[in-house]
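Trainee: Could you take one part of this model and walk me through it closely? I'd like to hear how that part sits among its neighbours.

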Amino acid sequence: MDTTELLKLADTLIFMKTGKHLDHTQRVVLEGTFQGKTYAEIAEEIYQSEGHVRNIGAELWKALSEQLGEEVNKSNCRAILENARFHKSSAIVQNNNNHIKVHTLNVCTERQLTANSKQQNPNNQTQPHLNLGDAPEIRAFYGRETELATLQSQLLEEHCRLISLLGFRGIGKTTLALQLAEQVKSQFDYIIYRSLYFAPTPETTISNLLQIFSPSAIPPDITTQLSQLFDYLRKYRCLIILDDLQMLFAKEQLAGHYQNGLENYQRFFTLAAEVNHNSCLLLNSSEKPREITNLERIINIALA
Ligand SMILES: Nc1ncnc2c1ncn2[C@@H]1O[C@H](COP(=O)(O)OP(=O)(O)OP(=O)(O)O)[C@@H](O)[C@H]1O
Ligand SMILES: [Mg+2]
């Protein structure tokens with residue numbers, strides 16, 4: 001594995017930890033480390049003091065250790081990253097999938113990006129399949145730049161698989177989700193919108209989603225339905241907006257409890273966060289589902 005590949009992987013991991021890409025000095029320190037140089041040699045190259053370079057190294061090892069869940073230092077950094085990459089490559093071969101899980105995070109490497117033309121070429125304007133059901137038409141949109149930027153980054157850079165958009169009635173959740181879909185649609189194979197306003201059963205919702213991908217016979221049991229759906233969510237990059245989630249919850253109970261017969265939504269959303277796939281479920285609700293509090297891999301965006 002060459003230094004460029006290792007640097008890209010380190011950059012991805014650091015970006016996920018800090019939200020920032022490697023700067024020039026950090027790159028030089030890592031590159032020198034991969035090439036077996038001492039701190040003194042690296043320092044000399046960039047006209048910095050050895051102490052400064054050591055400090056930068058220490059910060060990098062700390063961030064990488066936290067991200068990878070094992071102690072990374074100057075002497076083992078290369079081996080650990082190569083090993084992480086090795087596991088990822090095997091995951092790709094086995095699952096034919098563009099993403100893998102490193103602890104609780106999805107890492108998407110350059111090679112994996114190449115496998116996905118939607119991501120590789122942002123100018124690839126192939127039209128996605130739009131299936132917007134009863135989505136309202138957006139006539140005007142203003143503001144919400146910060147929320148849009150956050151959502152876009154979570155979708156396109158972080159490849160987040162489950163996002164919840166929470167906010168009071170009428171605050172603009174539906175409008176924001178549809179505006180986001182409009183902005184990112186060229187990066188997806190499918191853009192799907194469904195309102196859960198009339199509290200359909202999870203079986204109905206999932207069958208309905210399955211029919212978008214294939215009109216063939218839908219399996220009767222939810223376990224097989226979910227398994228088929230996640231096969232499609234691995235095969236295609238889909239953005240699925242599920243709106244009005246609060247209608248699934250029982251009234252006069254603790255917030256976020258599903259009505260009788262709708263509990264399998266919890267299973268669906270938990271799987272969406274935890275199993276390996278290339279898509280994103282965007283949940284709009286004025287009430288926070290209980291399981292969302294317990295999930296690690298979810299981004300909650302509260303609108304005000
Ligand atoms: N950013 C925006 N720019 C322009 N109009 C907006 C914006 N956000 C919301 N609106 C308008 O405000 C109204 C309510 O917005 P929207 O339906 O998106 O809210 P909501 O949070 O989804 O509501 P509910 O909780 O009832 O589903 C709509 O008429 C919509 O057009
Ligand atoms: Mg709405």
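Mentor: Let's settle one term before we start: a residue counts as buried if 20 or more other C-beta atoms lie within 10 Å of its own, with C-beta atoms placed from the backbone. Keep in mind too that this is a predicted model.

The part I'd pick is strand 4, residues 162-166. By that cut-off, five of its five residues are buried, so the strand is mostly covered. Look at how the side chains split: Leu162, Ser164 and Leu166 point one way, while Ile163 and Leu165 point the other way, and all are buried.

Now for the strands beside it. On the strand 7 side (residues 280-285), strand 4 pairs in the parallel sense over five bridges. If you want a place to zoom in, Ile163 has Leu282 of strand 7 as its bridge partner. Then there is strand 8, residues 299-302, which runs parallel to strand 4 and is joined to it by four bridges. Here Leu165 is the residue to click on, with Ile301 as its bridge partner in strand 8.

Step back and you'll see the whole sheet. It is an open one of six strands, ordered 3-5-6-7-4-8, with parallel pairing. Strand 3 (129-131) and strand 8 are the edge strands, each pairing on one side only. On average, neighbouring strands here are turned by 15° against each other, direction ignored. Elsewhere in that order, strand 5 (residues 190-195) and strand 6 (residues 238-243) pair in the parallel sense over six bridges, and Ile191 has Leu239 of strand 6 as its bridge partner.

What lies across strand 4? Helix 8, residues 145-156, does. That helix also lies across strand 7 and strand 8, and it runs at about 170° to strand 8.

Two other spots deserve a look while you have the model open. One is ligand 1, which is surrounded by 15 residues, the closest being Arg169, Gly172, Lys173, Thr174 and Thr175. The shell around ligand 1 divides into four nonpolar, seven polar and four charged residues.

The other is a helix pair. The axes of helix 2 (residues 24-34) and helix 4 (residues 50-68) come within 10 Å and cross at roughly 85°, which makes helix 2 roughly perpendicular to helix 4. Helix 2 brings Thr25, Gln26, Val29 and Leu30 to the contact, and helix 4 brings Val53, Ile56, Gly57 and Leu60. By class, that contact has five nonpolar, three polar and no charged residues.

Methods: Residues are numbered from 1 along each chain as its sequence is written. Chains are lettered from A and ligands numbered from 1 in the order in which they are written. This is a predicted model: local features need pLDDT of at least 70, side-chain atom pairs count only at pLDDT 80 or more; totals for chains, interfaces and linings use all residues. A residue is near a molecule or strand if its C-beta atom, placed from the backbone, lies within 6 Å of it. Ala, Val, Leu, Ile, Met, Phe, Trp, Tyr, Cys and Pro count as nonpolar, Asp, Glu, Lys and Arg as charged, and the others, Gly among them, as polar. Axes are lines fitted to C-alpha atoms, for helices over the stretch in contact, and angles run from 0 to 180 degrees between N-to-C directions. Helices (H or I, at least four residues) and strands (E, at least two) are DSSP runs, numbered from the N terminus. Angles under 35 degrees count as roughly parallel, over 145 as roughly antiparallel, 65 to 115 as roughly perpendicular and the rest as oblique. Two residues are in contact if their C-beta atoms, placed from the backbone, lie within 7 Å. A residue is buried if 20 or more other C-beta atoms lie within 10 Å of its own, exposed if 12 or fewer, and partly exposed in between; C-beta atoms are placed from the backbone. Two strands pair if DSSP finds at least two bridges between them.
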